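This report is meant for someone meeting the structure below for the opening time, and it moves from the strands of a sheet to a helix that packs beside them.

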Amino acid sequence: MRFRGVLDMMKEQFDFKHFTICQSRCAMKVGTDGVLLGAWAQGGRRVMDVGTGTGLIALMMAERFPEAQVTAIDIDEDACGQAGDNVSASPYAARVEVLNRSLQQFAVRGDAYGDERIVFDAIVSNPPYFSDSLKNPDQKRQMARHTDTLPYRDLFAGVKRLLAEDGVFSMIAPSTELDHVLTESYLKGFSIVRQYAVRTTPDKQPKRYLLAFSPEHPAAVDIRTVNLTERDGGRSEWYRNLTDNFYLR
C-alpha cells in the first residue's frame, strides 16, 4: 500500500493550493508517495517527470522551480490525456509538456527534439515498483504498479542517457526494493547523494525511501530518517514543512 497520509485516493479530484488534479481516467491515483517526491526532489531549468500519471509531480516541480521547463512522459494514453487536461487548467501550462512516450523510447529517439541530444538538469520518477508480487487483474493498474514495463535497469539506463553530468535523479521506492534500486544505480555509474528513510510514525520501520542520485561522486551523502506523523497522529514537523505550500488548510 502507498501511504495515504491526509489523502483519500478514492476521490476523483484533489484541490491543491494552486492547481487541481482530476484522476478519474488514471490507473494510479494521487497518493502521499507522489506528494512527497514532488515536494522533495531537486529541480533545475529543465526537468523530466517519468511516469507522470495525473501530472501531479510535474505540476509540483513547475510550481517549486519557476524557471523550469518540465517534460512529463507516460506510456498510458488515458493518463497522458488527463495529465494534459490538469496541466492546461493550471497556472503552469506554458512550462509543462505532456508526452505519451516510454522512457525507453525517449532515451533512444530524443523524441520531438530531433537530432539535438536533450539533457535534463533534474529527472524525477515515482516508478512502478512491484517485481515479485501477485499481479493486478486490471491491466492499467498492473502496468502502473509492476516493473515489467520499466525495470530498474531500464530506468537507470534511460536516466543515464538523459541526465546532465551535474544533474540529479530523484525517486521514491518501497523499503523492500531498496537494495535492488541501489544495485542497479551503482551498475549504471550513479552515486547516492540523498537517502531519506520515511516512516509513517516514529515507532514504525521505514516503508519508503526518498532517493537522489548523481553521476558525480558527492563529497557527502545526506542520510536521514523522517516520519510522516507524530505519536498523536498529527503531521510531523518535517512533513508539514515539506508540503505546506501545496496542501489546502
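How many bridges join strand β7 to β9, and in which sense do the two strands run? Six bridges join β7, which covers residues 163-174, to β9, and the two strands run antiparallel. Within this pairing, A173 has Y209 of β9 as its bridge partner. The model described here is a predicted one.

**The sheet**

The pairing of β7 with β9 belongs to an open sheet of eight strands, whose order is β5-β4-β3-β6-β7-β9-β8-β10 and whose pairing is mixed. At its edges lie β5 (96-99) and β10 (222-227), each of which pairs on one side only. From one strand to the next, the twist averages 15°. In general, the strands of a sheet pair through backbone hydrogen bonds, in either a parallel or an antiparallel manner.

In the order of the sheet, β9 stands between β7 and β8. Strand β8, made of residues 191-199, pairs with β9, made of residues 208-214, in the antiparallel sense over seven bridges. The table gathers residue pairs that involve β9.

| Residue | Partner or opposite residue in β9 |
|---|---|
| A173 | Y209 |
| S191 | S214 |
| I192 | F213 |

Strand β9 is largely enclosed by the rest of the structure, because seven of its seven residues are buried. This covering applies to both faces of β9, with R208, L210, A212 and S214 buried on one side and Y209, L211 and F213 buried on the other.

**The helix α1 and its surroundings**

Helix α1, which spans residues 32-40, is also mostly covered, since nine of its nine residues are buried. These buried residues are T32, D33, G34, V35, L36, L37, G38, A39 and W40. Among the elements that cover them are the strands β6 (120-125), β7, β8 and β9, together with the helices α2 (56-64) and α8 (237-243).

The packing of α1 with α2 has an angle of about 25°, and the axes of the two helices are 8 Å apart. Because of this angle, α1 counts as roughly parallel to α2, and α1 passes α2 in a right-handed crossing. On the side of α1 the contact is made by G34, V35, L37, G38, A39 and W40, while α2 contributes L56, I57, M60, M61 and R64. By type, the residues of this contact divide into eight nonpolar, two polar and one charged.

Key
Residues are numbered from 1 along each chain as its sequence is written. This is a predicted model: local features need pLDDT of at least 70, side-chain atom pairs count only at pLDDT 80 or more; totals for chains, interfaces and linings use all residues. Side-chain values use heavy atoms; hydrogens and water are left out. Two strands pair if DSSP finds at least two bridges between them. Helices (H or I, at least four residues) and strands (E, at least two) are DSSP runs, numbered from the N terminus. Axes are lines fitted to C-alpha atoms, for helices over the stretch in contact, and angles run from 0 to 180 degrees between N-to-C directions. Buried means under 20% relative accessible area, exposed over 50%, partly exposed in between (1.4 Å probe, protein chains only). Contact means heavy atoms within 4.5 Å. Angles under 35 degrees count as roughly parallel, over 145 as roughly antiparallel, 65 to 115 as roughly perpendicular and the rest as oblique. A crossing is left-handed if the near helix is turned anticlockwise from the far one by less than a right angle, and right-handed if clockwise. Ala, Val, Leu, Ile, Met, Phe, Trp, Tyr, Cys and Pro count as nonpolar, Asp, Glu, Lys and Arg as charged, and the others, Gly among them, as polar.
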